[in-house]
Amino acid sequence: MEPARWMQVKHEAPPPAQHLIAHSPAMRETLALVERCWRTQASVLLSGETGTGKELLARAIHRGSPRKRGPFVPVNCAAFPDALLESELFGHTRGAFTGADRTREGLFAAACGGTLFLDEVGDTSAALQAKLLRALQEREVRPLGSPHPRRVDVRLVAATNRDLLREVEARRFRADLYYRLAVFPIRLHPLRRRREDIAPLARHFLALHGRRESIPGCTLSPEALALLQTHRWPGNVRELENEMLRALALSEAGDEIGPQRLSERVRGIRSALHFAEGGAEETLRETLARIEAWLLLRALERHGGRRTATARALGITREGLYKKLRRHGIGR
């Protein structure tokens with residue numbers, strides 16, 4: 001099934017990039033690389049954390065390339081045992097193994113004239129990596145049980161959530177295959193490093209799933225948006241999409257979604273502190289600002305949004321509270 005189109009660029013771009021949301025500099029830089037790789041038939045390696053949208057980007061690469069009229073064939077390498085994955089990719093003849101009651105072409109053959117997307121390629125075994133390397137070098141595959149190779153014409157786009165260079169150094173991934181795959185490397189940054197994309201993505205998911213679930217017209221309150229900004233999103237865009245689905249399930253058509261309809265993991269103090277993982281790229285000032293924003297939002301929630309009562313409870317003046325709220329973009 002085609003994944004949700006959650007990206008959109010503001011600058012003028014060819015049709016395949018018109019559905020890509022990219023308000024942050026990091027995502028704009030990534031999309032600029034995507035547009036450049038449309039001009040080449042070189043293999044592309046997409047790297048990034050789980051949930052950052054690697055398959056969606058692979059589809060955009062295919063739609064913008066000269067191969068766009070050909071098939072786009074995705075396969076998750078981590079979803080198959082090694083022997084079965086070899087059969088999936090290269091095909092097999094009748095009787096090649098127990099249960100092979102008919103000849104079947106592999107995904108390399110199915111993708112001829114188009115793009116083959118190998119997701120989680122870093123999870124493949126050394127034996128399969130050797131066969132992938134040969135397929136890329138020779139542009140041919142040998143189905144299991146067949147003595148005859150078959151020519152294939154595919155563009156390969158691979159993706160991984162691992163650091164493949166480290167895997168190469170640790171001898172868990174073949175260096176020669178890595179350099180064959182990473183002719184055109186593109187890295188997708190985690191959502192916590194492109195916060196400008198959080199609000200437009202959240203609104204997009206509300207609109208998209210609101211129509212699908214017959215709960216249209218829902219919006220996010222400024223306080224809810226500010227909380228979304230304080231969360232670290234370890235599951236990235238996929239986690240944000242699921243959060244919006246949950247909020248919709250608790251809402252009626254046309255509702256303004258406030259902090260109380262967000263999950264505890266988004267509203268909780270761990271979201272602000274984020275000591276557990278990945279905070280090294282933030283300065284102390286940025287970390288303290290996120291904690292202060294969280295404290296202000298929880299205090300406002302406890303006092304029903306009454307700012308005078310909130311300021312009194314926090315031990316600051318009402319003017320001081322307004323100043324802090326403006327600084328964090330809360331309540332605008």
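Start by selecting helix 9 (residues 222-230) together with helix 13 (residues 284-302): their axes come within 10 Å and cross at roughly 145°. This crossing is left-handed. To see what touches what, show the side chains of Glu223, Ala226, Leu227, Gln229 and Thr230 on helix 9. On the helix 13 side, add Arg290, Ala293, Trp294 and Leu297, which complete the contact. Colour the contact by class and you will find five nonpolar, two polar and two charged residues. Keep in mind throughout the tour that this is a predicted model.

**Stepping back to the whole chain**

Now show the whole chain as a cartoon. The protein chain has 15 helices and eleven strands. It runs to 332 residues, and 51% of them count as buried. Among the contacts with a separation of 6 or more, 70% join residues 24 or more positions apart.

**The sheet**

Next, select strands 2, 5, 8, 1 and 9. In that order they form an open sheet of five strands, with parallel pairing. Which strands lie at the edges? Strand 2 (72-76) and strand 9 (184-187) do, as each pairs on one side only. Looking across the sheet, the twist averages 15° from one strand to the next. As background for the pairs ahead, strands of a sheet pair through backbone hydrogen bonds, either parallel or antiparallel.

Begin at the strand 2 edge and walk across:

- Strand 2 with strand 5 (residues 115-119): these two pair in the parallel sense over five bridges. Select Phe72 and you will find it standing opposite Thr115 in strand 5. Then pick Pro74, whose bridge partner in strand 5 is Phe117.
- Strand 5 with strand 8 (residues 155-160): here the parallel pairing runs over four bridges. Leu118 stands opposite Ala158 of strand 8.
- Strand 8 with strand 1 (residues 44-47): this pair is also parallel, with four bridges. Click on Val44 and look for its bridge partner in strand 8, Val157.
- Strand 1 with strand 9: four bridges join these two in the parallel sense. Leu45 has Pro185 as its bridge partner in strand 9.

**Two strands from the side**

Stay with strand 5 and turn on its side chains. How many of its residues are buried? Five of its five are, so to speak of it as mostly covered is fair. Thr115, Phe117 and Asp119 point one way from strand 5, while Leu116 and Leu118 point the other way.

Make the same view of strand 1. Val44 and Leu46 point one way from this strand, with Leu45 and Ser47 pointing the other way. These four residues of strand 1 are all buried.

**A loop stop at Glu120**

From strand 5, move along the chain to Glu120, which is in the loop between strand 5 and helix 5 (126-138). Most residues other than glycine have a negative phi, and most peptide bonds are trans. Glu120 is not a glycine, yet its phi is positive, at about 55°. Is Glu120 buried or exposed? At 11% relative accessibility it counts as buried, the cut-off being under 20%.

**Helix 3 and the glycine after it**

Now select helix 3 (residues 82-90). Leu85, Glu86, Ser87, Glu88, Leu89 and Phe90 are buried in this helix. Which residue follows helix 3? That is Gly91, whose phi is positive, near 85°.

**A second helix pair**

For the last stop, select helix 8 (residues 198-212) and helix 10 (residues 236-249). They pack at an angle of about 50°, with their axes 9 Å apart. Helix 8 and helix 10 are therefore oblique to each other. Their crossing is right-handed.

Show the side chains at the contact. From helix 8, pick Ile198, Leu201, Ala202, Phe205, Leu206, His209 and Gly210. From helix 10, add Val237, Leu240, Glu241, Met244, Leu245 and Leu248. By class, the residues of this contact divide into ten nonpolar, two polar and one charged.

Before leaving helix 10, click on Asn236, which is found in this helix. Asn236 has a positive phi of about 60° although it is not a glycine. With 0% relative accessibility, Asn236 counts as buried.

How values were computed. Residues are numbered from 1 along each chain as its sequence is written. This is a predicted model: local features need pLDDT of at least 70, side-chain atom pairs count only at pLDDT 80 or more; totals for chains, interfaces and linings use all residues. Side-chain values use heavy atoms; hydrogens and water are left out. Two strands pair if DSSP finds at least two bridges between them. Axes are lines fitted to C-alpha atoms, for helices over the stretch in contact, and angles run from 0 to 180 degrees between N-to-C directions. Angles under 35 degrees count as roughly parallel, over 145 as roughly antiparallel, 65 to 115 as roughly perpendicular and the rest as oblique. A crossing is left-handed if the near helix is turned anticlockwise from the far one by less than a right angle, and right-handed if clockwise. Contact means heavy atoms within 4.5 Å. Ala, Val, Leu, Ile, Met, Phe, Trp, Tyr, Cys and Pro count as nonpolar, Asp, Glu, Lys and Arg as charged, and the others, Gly among them, as polar. Buried means under 20% relative accessible area, exposed over 50%, partly exposed in between (1.4 Å probe, protein chains only).
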